[in-house]
Protein chains: 2
Amino acid sequence: MSTEPEIPANRAATLTDVAKLAGVSVATASKAINGRDEVRAATRKKVLEAAELLSFAPNALARGLLGGRTGTVGLLTSDLEGRFSIPILMGAEDAFGAGQVSVFLCDARGDAIRERYHVRALLSRRVDGLIVVGSRTDSRAPLAGNIPVPVVYVYAPSADPDDISITVDNVGGGRLAIEHLIAYGRRNIAHITGEAGFQAARDRAEGAVAALADAGLTMIGGKPYFGSWDETWGRAAAHIVVERHPEVDAIFCGSDQIARGVLETLRDLGRDVPGSISVIGFDNWEAITAHSRPRLSSIDMNLEHLGAVAGRRLFAAIDGDDPPISEQFPGRVVMRDSTAPLG
Amino acid sequence: MSTEPEIPANRAATLTDVAKLAGVSVATASKAINGRDEVRAATRKKVLEAAELLSFAPNALARGLLGGRTGTVGLLTSDLEGRFSIPILMGAEDAFGAGQVSVFLCDARGDAIRERYHVRALLSRRVDGLIVVGSRTDSRAPLAGNIPVPVVYVYAPSADPDDISITVDNVGGGRLAIEHLIAYGRRNIAHITGEAGFQAARDRAEGAVAALADAGLTMIGGKPYFGSWDETWGRAAAHIVVERHPEVDAIFCGSDQIARGVLETLRDLGRDVPGSISVIGFDNWEAITAHSRPRLSSIDMNLEHLGAVAGRRLFAAIDGDDPPISEQFPGRVVMRDSTAPLG
DNA sequence: CTGAAAGCGCTTACAG
DNA sequence: CTGAAAGCGCTTACAG
């Protein structure tokens, strides 16, 4: 006679198995396992031991079917490739993991059809809520159709102001960069940035202009140099700026990649960074900032935090707590070696 | 009297609702919707119209509870930050999306405890299978415990040879790089790479040494220069190599970041790239390769494809088709401007 | 404190 | 071809 519990080989243990082994009803077993207090301590102990012995793991599908929560959410991204989605996704995943929630990942790849398809699938799986992660800060069309669960938009806000959107304060980010440079005594500041078609570029520039105005200054060249987000543009634009405005003593760049290009040109030109010209980037993309010469100061938009907040706001909305509202979060200056006090 | 169908406001339509509206039994409605052929065409049409009218979406939880498939898989990553996981994840997500499968994303953050926790959660949700994505090519301990569903390991192979592991052929990648340089007439080739503690570094070096030997050549310096994976090391190592071995006419780098550093030093030294010295990187990381001076040739390990294959292999395993086996995939040379035929 | 019963939304033999 | 019934694994009133 074996002392092994009777586990029908090829099958995960069910609550019925546990109840049988513990000598109680399934109802009681359920209560014991779920920590209800209408259960005698000794009974609970018996049940818990049986569950342990059978490696019982409650079937989440059955639980979810009962109508309450499923403990799942959908994370809808439009672009996994873009590096902005990843930290946000990590932050959200983290917030959810702590709350015993599992997350479905769906990449719509920027395609509205795919997005709709994914939303349907997620709803048929009865997710408790949805997080929509954008890859640009431009506002996006709200999810199509009637969505019966709470939705939180992150990074890219929904065009509908009644939706909950958690975003980054790019105007503030532009301000932060300029204020940092001004605090270091810089007065002749240029701004080289990405495509004007991006809200992010326009917002950062707006913040920069405003911060300069507050200090009674104007931008070198009269306005931002819009171009593209890459190093090649950074190199080209730096040439232009230094040639036309030799008095320039600081350059605020709309991305770290642009800043890398700027740094290279200044090096080619034999200009001293940070002494003669200070340079600050945007995004704080470690791979780009950490090993440049000199190491690049930058604005960090705390994307992982943004994701975590979005996760928590979604929870709140699911719980029906005081309805969360849209929020914008500031970034922070990360000082490295490319910015320093003037001479 | 309204012509609207009777949809109890706040509730998703159920199969019962559809059946009622269509005037058939739920059994028949189920068959009609699932495309069974024991259903009269006219009946099917009635049911489908009713479903359409009610925006009926079958409850995947109920379906899954019936014991068959749930149509879900778990994607277990150890490190979302690392950029290797992302393309793999995209490939897998893509393969699954096409197959009507939803994927749970879990980031264990390199922690075995978290991993175990996530596996439990996924099993309680009755996933049909698991994909485990590593962030290094070093082999990893197989998933702990008794896992009742198929598992496919990607990028980082399982230490258990009986497990299914889909990996990149780094030895072959090292070969590819050297053969490319040799084809361009280079004979004095150095290898600057990352930490020797990484299997990836050792494998690529092994392939490089073997390819050189096949051509009757030896590595400049007698062996690879192991260091770290970043630009700073690339810059330092390039100095050493050029100083000690002025005859060097090509450098194979273990990562694109190292290669960027090498490129910078060669530029500082006034050496002509690719004419005098050709440089090839590894990873084909667009952000790094596309805007360097000159643009960087590199080895691409087709990570997205790797993820897609892993997804398909998992399907096969779930379907119980001929059991999939471990496989290794070759990379490919991506030519840009940092390699060229010898003068 | 414990248990029998109903029910969540579906699918699947099994009769008719 | 159609439908009544059982059942997937759980939870939740409701009796006892």
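**Two DNA strands and two buried side chains**

Around DNA strand C there are 25 residues, and those that come closest are A:Lys31, A:Thr43, B:Leu15, B:Ser30 and B:Arg36. Of the atoms of DNA strand C that come within 4 Å of the protein, 73% belong to sugar and phosphate. The model is a predicted one, and the distances that follow should be read as properties of its coordinates.

Several individual approaches to the phosphates of DNA strand C can be picked out, and they involve both chains. In chain A, a polar side-chain atom of A:Thr43 is placed 2.4 Å from a phosphate oxygen of DNA strand C, while a polar backbone atom of A:Arg40 is 3.0 Å from a phosphate oxygen of that strand. In chain B, an N or O atom in the side chain of B:Ser30 is found 2.6 Å from a phosphate oxygen of DNA strand C. As for the secondary structure behind this surface, α2 of chain A, α2 of chain B and α4 (60-65) of chain B each contribute at least two residues to the surface near DNA strand C. Sorted by class, that surface consists of 11 nonpolar, 7 polar and 7 charged residues.

We can now turn to the other strand. DNA strand D has 25 residues around it, of which A:Leu15, A:Ser30, A:Arg36, B:Lys31 and B:Thr43 come nearest. Here sugar and phosphate make up 73% of the atoms of DNA strand D that come within 4 Å of the protein. A polar backbone atom of A:Leu15 lies 2.3 Å from a phosphate oxygen of DNA strand D, and an N or O atom in the side chain of A:Asn34 lies 3.1 Å from a phosphate oxygen of DNA strand D. From chain B, a backbone N or O atom of B:Arg40 is 3.0 Å from a phosphate oxygen of this strand. The elements that each supply at least two residues of the surface near DNA strand D are α2 (26-33) and α4 (60-65) of chain A and α2 (26-33) of chain B, and by class the surface has 11 nonpolar, 7 polar and 7 charged residues.

Leaving the DNA, we can follow two residues of chain B. B:Asp230 sits in the loop between β7 (225-226) and α9 (231-244) of chain B, and it counts as buried because its relative accessibility is 16%, where the cut-off for buried is under 20%. The side chain of B:Asp230 makes a polar contact of 3.1 Å with the side chain of B:Ser228, and it also reaches the backbone nitrogen of B:Trp233 at 3.0 Å. When residues up to four places away in sequence are set aside, B:Asp230 touches B:Gln257 and B:Ile258 as well as A:His291 of the other chain. B:Gln257 is 27 residues from B:Asp230 along the chain, yet the C-alpha atoms of the two are separated by 5.2 Å.

The second residue, B:Thr339, belongs to the segment after β12 (332-334) of chain B, and it is buried, since its relative accessible area is 5%. Its side chain takes part in two polar contacts with other side chains, one of 3.0 Å with B:His180 and one of 2.8 Å with B:Ser297. Not counting residues up to four places away in sequence, B:Thr339 touches these two partners together with B:Leu181, B:Tyr184, B:Pro274, B:Ser278, B:Val279 and B:Ile280.

Conventions. Residues are numbered from 1 along each chain as its sequence is written. Chains are lettered from A and ligands numbered from 1 in the order in which they are written. This is a predicted model: local features need pLDDT of at least 70, side-chain atom pairs count only at pLDDT 80 or more; totals for chains, interfaces and linings use all residues. Side-chain values use heavy atoms; hydrogens and water are left out. A residue is near a molecule or strand if one of its heavy atoms lies within 4 Å of it. A polar contact is a pair of N or O atoms within 3.5 Å; within protein, one must be able to donate a hydrogen and the other to accept it, and residues adjacent in sequence count only if both atoms are side-chain atoms. Helices (H or I, at least four residues) and strands (E, at least two) are DSSP runs, numbered from the N terminus. Ala, Val, Leu, Ile, Met, Phe, Trp, Tyr, Cys and Pro count as nonpolar, Asp, Glu, Lys and Arg as charged, and the others, Gly among them, as polar. Buried means under 20% relative accessible area, exposed over 50%, partly exposed in between (1.4 Å probe, protein chains only). Contact means heavy atoms within 4.5 Å.
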